[in-house]
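Q: I am new to this structure and would like a close look at one part of it. Please describe the surroundings of the ligands, and then note what stands out elsewhere along the chain.

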Amino acid sequence: MKKLFDRVFDGADEMFALAQKTIDETIAELGESAPLAMPNTAYGLAVYSAYLAKNINTLGDLKAAFEEAKAWNRHDPRLKHVFSTGMGTFMAAETIEACKYAKGPDPYKGEYHGHLTDAEVRELGVPLVTDDIPGFVVIHGAAPSDEEAIELIKGYQTRGIFVFLLGEVIEQARRKELNMGFPVRVVAVGPDIWQVAHIISFVYRAAMIFGAVQPGDRWEFDDYTFYRIHAFVNAFDPVSDIVVACGAGAIAMGFPVITDDEKDMWRVPKSILIQKDTANFIETSLEARDIKIKITNIDIPVAFSTAFEGEIVRKKDMRIDVDGSKFETFELVRTAELHEIEDHCIELIGPDFDTFEAGSSIGFGMIAEVGGKNMQSDFEPVFERNFHNFLNCVEGVMHTGQRDVLRIRVSSAAYDAGFRAKHFGEVLYAKIMSEYDAVVDKCQVTIITDPDVLKKERADAKKLYDKRDERLGSLTDESVEVFYNCILCQSFSPSHVCIVTPERLGLCGAVSWLDAKATNQLDPNGPCQVVTKERVIDENIGIWEDVNECVFKSSHGSLEQVTLYSIMNDPMTSCGCFECICGIEPFSNGVVIVNREHQGMTPLGMSFAEMASMTGGGVQTPGFMGHGKQFISSRKFMKAEGGPARIVWMPKALKDLVRPKLDRTAQDLYGIEGFTDKIADESVTDEAEALLAYLAEQAHPALEMEPLI
Ligand code: SF4
Ligand code: ZN
């Protein structure tokens, strides 16, 4: 058998030769000055950036960098040099891929995913820290059969593991009509091993975005990937030399390789594991990377996994359509006395799904009654909002909306598997009891499809929502005794800490003050701790000694002071998973806000990805700040600098989302009517000059405000 290191060297030579040929041909075609950029990223060629700190903007730059990369391909059998050969192989792979993108932003025409965007990296922030995604697997090659391929992929998917596919396994999955894509966490990256560059780029950008690892700091990157990215490789027999070379790079990053190729592969403890039976790949892999998976057993006939959260049920595939725009719909969590609740009782009032013709639109209600000694009515909306996450994890169920306007689809496949109305109750029961066991002792669920009962119960539910809104409205930073911190994101951004107040939710948009309070009660030693606010320094712009003490402690000394309501002086830090980024626009004296979903440019001449790269990793960057969407309409938004009147530009979709509350806030604070319309958007312009003209025309208040800098 050929020696393992020789296989690495031969494989690396193969990749370098192909890269040389590709770059020579591409330069012959486009010229050295041809621009080179990967789409929707602010990190350029991230693999080159991580190893060599190179800015590559043209094919000529790439050619020069590639010459440097060659020095990494050392045929020296000392372990650290074998690792460097493996990593060099990744640069060669990125060279090949970058040349494709030099010809246009979409070389795969939707057939393969190819390059992953910064927004995609950021989107994974919250599921990673909450362990909804416990790890990543890269599967390469062809499984012994299509069935085994599917079994493996779905096995990972149902465990929440994010799956990257490379090579023939993609065709196997396609033949089995597997639903793939970023939202369902199975990504068909590309047909060849060199597309591995996109996965490595993705991982290194995570390190730069969340961990603030600096370009060129190779050891820090190794450290980050080893400790914080729980990834591993499954390589099907036969494993060729070029795959072995990439495997050396993966192992250097801390990612073990599991393979069924016993003929030509060597075992290396903790790094290369041979598992003849592909049915045992999952177990062997999770053990090798030390990934533990929490499983909730739910008595339903279809799969349940966070991997299905982003799944879309199309009209043609739906059996049942719960339609809140035409029928009565609602969902509710309500506290009841323990003796009133029969634990795990699931009742259906009205006809079951069998009664409705395929594709019917119906009304639907869900009430979960919970009781427990430590239950508080403040937790009701927190649990209730999670119905959305719980139900979306069901394979074949899509849930949108909240409270008394819902849209739920049940797919024909789920129906055929036996999924019925009461299974909604099973899911809610199991999740409420497992997530909130610290405060919920008993739970019963009622599902309603009967129109008369729906009407009555929905009217009752509305009264409860109104009461809650009143309570929420009365919750201000001044009216509460304490704030909370959240350090959930520290698993990726070690020095980041959010201070969560009633008027400022966490920057991920997922943690409100009530959520933080509930998290604290559910797990007193968990990620959210009480922050007192007794020692006021300046309440007006949001400085407390208690808060400073807390950020100092929870950031392990890297942060001394935050001003909660300022973006210029000691602003709150950002991790990487913020919903929006805001940055100052110097000509208008205002700020531009852009949300992660927005693809286009902003008047700052930067896209979301570029603006987002200005901050992150738990450092303070005056002038740029990540925040949640709901914060935009808060009276505390940039209060120190004059408040939301500073907002001069937002994407239209974001404006529409925040309009009702933002208009109300501006009316209250400044007496301005219809303020949101004075804010420009991409339909007006994404250029600084035209922006100024629009603002002048609208008599936008920012123009009259004090200079920001
Ligand atoms: Fe991360 Fe802050 Fe959200 Fe907590 S509140 S999950 S620290 S972004
Ligand atoms: Zn985060």
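A: What follows begins with the two ligands and then turns to the backbone and the surface. The model is predicted.

Start with the zinc ion, which is ligand 2. Its protein donors are three SG atoms, from Cys 489, Cys 575 and Cys 577. These atoms lie 2.1 to 2.2 Å from the zinc ion. Along the chain, the donors follow the spacing C-x85-C-x1-C. Two of these cysteines can also be described by their accessibility. Cys 575 has a relative accessible area of 2%, so it is buried, since buried means under 20%. Cys 577 has a relative accessible area of 1% and is therefore buried by that cut-off as well.

Ligand 1 comes next. The residues around ligand 1 include Cys 489, Cys 575 and Cys 577, the cysteines that also serve as donors of the zinc ion. Further cysteines around ligand 1 are Cys 486, Cys 498 and Cys 508. Leu 488, Leu 507 and Val 511 are also found there, and His 496 and Gly 506 complete the list. By class, this shell holds nine nonpolar residues and two polar ones. No charged residue is part of the shell around ligand 1.

Away from the ligands, some backbone details can be picked out. The peptide bond from Asp 237 to Pro 238 is cis, with omega near 0 degrees. Pro 238 sits in the loop that runs between strand E4 (231-235) and helix H11 (241-252).

Two residues that are not glycines have a positive phi. For Asp 290 the angle is about 60 degrees, and for Met 638 it is about 50 degrees. Asp 290 belongs to the loop between helix H12 (281-288) and strand E7 (318-323). Met 638 belongs to the loop between strand E22 (624-627) and strand E23 (647-649). Their accessibilities fall into separate classes: Asp 290, at 57% relative accessibility, counts as exposed, whereas Met 638, at 1%, counts as buried.

The last item is on the surface. Phe 587, Leu 692 and Leu 703 form a nonpolar patch there. Together they have about 270 Å² of accessible area. Leu 692 is located in helix H22 (residues 688-697). With a relative accessibility of 31%, Leu 692 counts as partly exposed. A patch residue needs over 30% relative accessible area, so Leu 692 meets that cut-off.

Note on methods:
Residues are numbered from 1 along each chain as its sequence is written. Chains are lettered from A and ligands numbered from 1 in the order in which they are written. This is a predicted model: local features need pLDDT of at least 70, side-chain atom pairs count only at pLDDT 80 or more; totals for chains, interfaces and linings use all residues. Side-chain values use heavy atoms; hydrogens and water are left out. A residue is near a molecule or strand if one of its heavy atoms lies within 4 Å of it. Ala, Val, Leu, Ile, Met, Phe, Trp, Tyr, Cys and Pro count as nonpolar, Asp, Glu, Lys and Arg as charged, and the others, Gly among them, as polar. Patches are made of residues with over 30% relative accessible area and no salt bridge: like charges are joined within 9 Å, nonpolar side chains (Val, Leu, Ile, Met, Phe, Trp, Tyr) within 5 Å. Accessible areas come from the Shrake-Rupley method with a 1.4 Å probe; for residues, only the protein chains shown count as cover. A salt bridge is a side-chain nitrogen of Lys or Arg within 4 Å of a carboxyl oxygen of Asp or Glu. Helices (H or I, at least four residues) and strands (E, at least two) are DSSP runs, numbered from the N terminus. Buried means under 20% relative accessible area, exposed over 50%, partly exposed in between (1.4 Å probe, protein chains only). Donors are N, O and S atoms within 2.8 Å of the metal (3.2 Å for Na, K and Ca); water is not among the atoms, so sites may look incomplete.
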